[in-house]
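Let's take a friendly walk through a protein model, side chain by side chain. Have the viewer open and follow along.

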Amino acid sequence: MSGTNGLSTEMLAINGGISVDILQSFENDVYVKDFTDILAANNFDFKIRDTVLFEVPNDKLSREHD
């Protein structure tokens, strides 16, 4: 996402299961909660691993002129 505000998802199907990674640039969990509510309502068996919080500096572009 590199400095972009938003939500990014990655889904992998491997070894008979599906893994979904969600990366977002905001603290609200509304999209993850909605997604897990949909899974639960449709009787999908799922596990949520620990949330990893991290900060990254804003991308900066420096230009040097001759």
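In which strand is Leu 7 found? Leu 7 sits in strand β1. Keep in mind as you look around that this is a predicted model. With a relative accessible area of 40%, Leu 7 is partly exposed, because that value falls between the 20% limit for buried and the 50% limit for exposed.

Leu 7 also takes part in a nonpolar surface patch of about 730 Å². Its partners there are Met 11, Ile 18, Val 20, Ile 22, Val 30, Tyr 31 and Phe 35. Three elements, β1 (7-14), β2 (17-24) and α1, each contribute at least two residues to this patch.

Tyr 31, one of the patch residues, leads us on to the aromatic side chains. Searching the whole structure turns up 1 aromatic pair. The ring centres of Phe 26 and Tyr 31 are 5.9 Å apart and the ring planes meet at 70°, so this pair is edge-to-face. Phe 26 is partly exposed at 29% relative accessibility, and Tyr 31 is partly exposed at 47%.

Now for the charged side chains. Side chains of opposite charge can pair when their charged atoms come close. The structure has 1 salt bridge, and Lys 33 forms it with Asp 37, with 3.0 Å between the closest N and O atoms. Both residues lie in helix α1 (residues 30-41), and because they are 4 residues apart, about one helical turn separates them. Lys 33 is partly exposed at 45% relative accessibility, while Asp 37, at 38%, is also partly exposed.

Note on methods:
Residues are numbered from 1 along each chain as its sequence is written. This is a predicted model: local features need pLDDT of at least 70, side-chain atom pairs count only at pLDDT 80 or more; totals for chains, interfaces and linings use all residues. Side-chain values use heavy atoms; hydrogens and water are left out. A salt bridge is a side-chain nitrogen of Lys or Arg within 4 Å of a carboxyl oxygen of Asp or Glu. Buried means under 20% relative accessible area, exposed over 50%, partly exposed in between (1.4 Å probe, protein chains only). Patches are made of residues with over 30% relative accessible area and no salt bridge: like charges are joined within 9 Å, nonpolar side chains (Val, Leu, Ile, Met, Phe, Trp, Tyr) within 5 Å. Accessible areas come from the Shrake-Rupley method with a 1.4 Å probe; for residues, only the protein chains shown count as cover. Rings of Phe, Tyr and Trp (its six-membered ring) pair if their centres lie within 6.5 Å; planes under 30 degrees apart count as stacked, over 60 as edge-to-face and the rest as tilted.
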